[in-house]
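Please open the model in the viewer and display the backbone as a cartoon. The tour below proceeds stop by stop.

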Amino acid sequence: MYGGSGDGDSPAQRKIPAASSMLWVRNLRRYIGSGTGLGSEALMELETKKILLDIFKEKQQKSAEAGGIPSFYKRKPEEGSISHRVQRLAKYRFLKKQSDLLLNADDLDAMWVCLRENCVIDDATGAEKMNYEDFCHIASVCTEQIGVKCRRFFSPSNFMKFEKDESGRISILPFYLYVMRTVSLTQARIDMSELDEDSDGFLQPHEMESYIRGLIPNLAQLRDMPAAFVQMYCRIAAHKFFFFCDPYKRGKACIKKVLLSNCLQELMELHQENEEEATDTEQAENWFSLTSAQRICDMFLALDKDMNGTLTKQELREYVDGTLTDIFVERVFDEHVRRGKSGGGNAREMDFESFLDFVLALENKDTPEGLTYLFKCLDLSGRGFLTTADVHTLFRDVHQKWIDGGNYELCIEDVRDEIWDMVKPADPLSITLSDLLGCKQGGTVASMLIDVRGFWAHDNRENLLQEEEEPEEEQ
C-alpha cells in the first residue's frame, strides 16, 4: 500500500492550505492594494472611496466629541480646493440646465403667434380670448413647435390664476405677459446666482454692481451711457437694492428678496426704446434712469463746497435750498453717519454712500425702509417712541423757518394735536414706528417734522389737489 492518501480518503482527512498562505494570493492582494494594476478610472474610484471614508470618520469623531449635538455651521471650502472646484462645477452644470429649460426670444415670439392664431375674438370688447379647450389646444401646438419646455406654462392651475369672463375665457395678453415675466425673473435669478461667488443665496455690493453692469447693454435707455460714468452709475443703482433689500446693513442682499422687490421692476422699465416714451417726471422719479443718477452726482458735488469727497453738517443744511431743519440734520449725523478715524467731533462727515441712504430715505418716506431711517432721527431720546415733548421740539425748528419765510403765525400745540389725530397711536401718550406705518400717513408726518416744505405742502394740500385736477378737466 502506498503511504499517500488514496481516492478513498475522506474530505476531512484532506488538508487544504489557507488562502493567505498561498504565495500567489498574497502577491495578487499586494498588487491590487497598491493600485499598480488598476486603470485611471478604477484608481479615481478607489481614491474617492478613501476620501469619503476619511470624511465619514472625521464627522463621526466630531459628533462624538460634540456630545451628539448636530453641526449647524459648515465652513466654506477653501479657494482652489477639490471641494471648491466640485461645488463650482456642480453649480455651473445646474445653472446651465436651468438656463436650457428657459424660453428664448424666438420661443416667446412663436408662442405669441400660436396664441393669436388659435384664440377667439370677443364680440363685445374685441379682446383676444381663449377658453380651457383652446388653452389645451394651444399647449399642444406650442409643444410641437417650441418643445416640451413650454408645457409647464399650460397647466390647469395657471389657467385658473387669470380673470375669466362669464363664458369662462381668459385674455391671451395677460397670460403672455405672465410667461414673459416668469422667464425674465428666472433668467435674472440664474444670472445673479452665477455672480454669487460663495453660493449662499446673497449678493455682495460688488456682485450686484457686476449684475447691473451686465444689464446696461440690454437696457435701451442706458446703451449710450458714457463709459466714464458706468462705474459710478452701477454704484448708485446697486445702492438702492441694498437700501430696500438689506435693512439690517449686513452688506449682502438676498437674491430672492431682490427678485421680488420693486427695485428690479423699476430697473427693467428702462427697456423702453427711448427716453422720449417716458415723461421728464417719470425719468426723474425712476432712480435707475441716467437722468436721475446724474442728478444725484450733481447734487452731491454742489453741496461739497470744499471738494473733499464728504459733506459736513453745514454743507448738508443746503440740501434742497436749506428747507430741512437744523435738528434733523444733527440727528442724521448722530444716527446714520460714521465717525472719522480720529474720533473727534469735527471728523464726522457724510460720505457718498451715506448720502445715497439719506436721499433714498427722503425720496421714499412712505416706504417702511424710508420711514425706519427717518424715525431713528425723530426719536430724540432713542426710546423707540415719540412723546408730545419730542414732537414739540422737532416742530419748533419748522415753525421758525415757517415764520422766517413770511407765512402766517400758527400754534405749535395745534399742529401737535393734528399729528396725533392723523396717527391715532395705540398708546395716546406716544407714537411708535408701528403707529406711523399703520396710519398710512407716516411719510406726511415725517415731512411735517423735518422740512418746512413738507409742512407747507400739507397746509396747502387742498389747493394743490385742486391744481392737479384742473388740467384734467380742461382736457
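Helices here are DSSP runs of H or I with at least four residues, numbered from the N terminus. The model is a predicted one.

Begin with helix α2, residues 40–65, and select Ile51, which lies within this helix. Is Ile51 buried or exposed? Neither term applies: its relative accessible area of 37% makes Ile51 partly exposed, because the partly exposed class lies between under 20% for buried and over 50% for exposed. Add Leu52 and Ile55 to the selection: together with Ile51 they make a nonpolar surface patch of about 250 Å².

Next, move to helix α5, residues 132–145. Its 14 residues should span 20 Å at 1.5 Å a residue, and the end C-alpha atoms are indeed 20 Å apart. At the start of α5, show the side chain of Asn131, an oxygen of which comes to within 3.2 Å of the backbone nitrogen of Glu133. Then select Asp134, Phe135, Ile138, Ala139, Val141 and Cys142, which are buried. Which elements do the buried residues of α5 pack against? Their partners are α4 (105–117), β1 (120–121), β2 (128–130), α6 (156–160) and α7 (172–195). Just after α5, select Gly147, where phi is positive at about 130 degrees.

Finally, go to the loop between α22 (452–459) and α23 (461–474), and select Asn460 there. Asn460 counts as buried because its relative accessibility is 17%, and the cut-off for buried is under 20%. Show Trp456 as well: its backbone oxygen lies 2.8 Å from a polar atom of the Asn460 side chain.

Key. Residues numbered from 1 in each chain as written. Predicted model: local features only at pLDDT ≥ 70, side-chain atom pairs only at ≥ 80, totals over all residues. Heavy atoms only, no water. Patch = residues over 30% accessible without salt bridge, like charges linked within 9 Å, V, L, I, M, F, W, Y side chains within 5 Å. Areas by Shrake-Rupley, 256 points an atom, 1.4 Å probe, with all protein chains shown as cover. Salt bridge = Lys/Arg side-chain N within 4 Å of Asp/Glu carboxyl O. Helix = DSSP H or I, 4+ residues; strand = E, 2+ residues; numbered from the N terminus. Buried < 20%, exposed > 50% of the residue type's maximum accessible area, 1.4 Å probe, protein only. Expected span 1.5 Å × (residues − 1). Contact = heavy atoms within 4.5 Å. Polar contact = N/O pair within 3.5 Å; in protein donor to acceptor, adjacent residues only side chain to side chain.
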